[in-house]
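The exercises that follow ask you to read a protein chain step by step, from its strands to its side chains. Please keep the sequence and the structure in view while you work through each solution.

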Amino acid sequence: MNRRIVSLGIAAVLLGGCGSGAASPSAAAPTASGIGTPATATPRPSRTAAASASSEESTMPFALSSPAFAAGATIPRKFSCDGAGVSPPLAWAGVPVGAVELALLVDDPDAGGFVHWVAGGIPATASGLDEGATGSDSIPVEGRNGAGRDGWTEPCPPSGTHHYRFTLYAVSRPLGLHDGLTAAELRDAVKGVTVATAALTGTYTRG
């Protein structure tokens, strides 16, 4: 009798172990330590990646270019004394953090530093100047060029090929410039407050 009870008990245990009762889908699977495996968390965006994306523009190199001519290439005739003589279009990118104003100087080192353009008060949020911008509201301040006039004066080399150097200054405070200032005054004004400079050189030969 006792053996039969024991046998029936063992059979009940075996049948219970083979039962089809599955764990609840929400139940965590036991680990070796007896603690359920936690659900996999949705990964959060990396703060470093987000910061990198938001500062992408500020980490770009400060660069100056022109839609009208490539660096080191010939400035088109229309911007010279052989053409309409209008100021060329300019574009820039990567204005550094901390810059509040931009200033522009264009000179000809082959003519003893003859000045072609002095401009200032340009907002740091600007990204360029349109063709013929000299004398417009997009340039708050324009200084005296080598021809004795305010604003742009066109390339007109007496002989050979001359280089025209465009230098854009990003400064950390308003310069308080005035119309008619000289290139020397602009250079003095940017001393100690220049955050970065960008340069572009074009050439021109008459004939």
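Strand 3 and strand 7 run antiparallel and are joined by seven bridges, where strands are DSSP runs of E with at least two residues, helices are runs of H or I with at least four, and both are numbered from the N terminus. Two strands count as paired if DSSP finds at least two bridges between them. The model is predicted, with local features needing pLDDT of at least 70 and side-chain atom pairs counting only at pLDDT 80 or more, while totals for chains, interfaces and linings use all residues. Residues are numbered from 1 along each chain as its sequence is written, and side-chain values use heavy atoms, leaving out hydrogens and water.

**Exercise 1. Strand 7 and its partners**

Task: Describe how strand 7 is paired, and explain why it is largely enclosed by the rest of the structure.

Solution. Begin with the pairing to strand 3, in which L104 stands opposite L168 of strand 7. Next, turn to strand 8, which runs antiparallel to strand 7 and is joined to it by eleven bridges; here F166 stands opposite L200 of strand 8. Then look at burial, where a residue is buried if its relative accessible area is under 20%, exposed if over 50% and partly exposed in between, computed with a 1.4 Å probe and protein chains only. Eight of the eleven residues of strand 7 are buried, and therefore the strand is largely enclosed by the rest of the structure. Over the whole chain of 207 residues, buried residues make up 33%.

**Exercise 2. The nonpolar cores**

Task: Find which residues touch the most other members of the largest nonpolar core, and which strands supply this core with at least two residues each.

Solution. First, fix the term: a nonpolar core is a set of buried Ala, Val, Leu, Ile, Met, Phe, Trp, Tyr and Cys residues joined through side-chain atoms within 4.5 Å. The largest such core has 28 residues, and L90, W92, W117 and F166 touch the most other members. At least two residues of this core come from each of strand 2 (90–93), strand 3 (101–108), strand 4 (114–123), strand 7 (161–171) and strand 8 (194–205). A second, separate core has 15 residues, among them L105, V115, V118 and A183. As a general background, nonpolar side chains in soluble globular proteins tend to be buried together.

**Exercise 3. The aromatic pairs**

Task: Classify the ring pair F69 and F166 and the ring pair W117 and W152 as stacked, tilted or edge-to-face.

Solution. Rings of Phe, Tyr and Trp (its six-membered ring) pair if their centres lie within 6.5 Å, and planes under 30 degrees apart count as stacked, over 60 as edge-to-face and the rest as tilted. By this rule there are three aromatic pairs. For F69 and F166, the centres are 6.0 Å apart and the planes stand at 45 degrees, so this pair is tilted. F69 lies in the loop between strand 1 (63–65) and strand 2, while F166 lies in strand 7, so that the pair links parts of the chain 97 residues apart. F69 is buried at a relative accessible area of 6%, and F166 is buried at 0%. For W117 and W152, the centres are 5.4 Å apart and the planes stand at 70 degrees, so this pair is edge-to-face. W117 belongs to strand 4 and W152 to the loop between strand 6 (141–142) and strand 7, 35 residues apart, and both are buried. Together, F69, W117, W152 and F166 form one aromatic cluster.

**Exercise 4. A salt-bridge network**

Task: Which residues are linked with D107 in a network of salt bridges?

Solution. A salt bridge is a side-chain nitrogen of Lys or Arg within 4 Å of a carboxyl oxygen of Asp or Glu, and the count by this rule is six. D107 meets R165 at 2.8 Å, N to O; D107 is in strand 3 and R165 in strand 7, 58 residues apart. D107 also forms a salt bridge with R187, with the closest N and O atoms 3.4 Å apart, and R187 lies in helix 4 (residues 183–190), 80 residues from D107. The network therefore links D107, R165 and R187. D107 is buried at 4% relative accessible area, whereas R165 is partly exposed at 36% and R187 is partly exposed at 34%.
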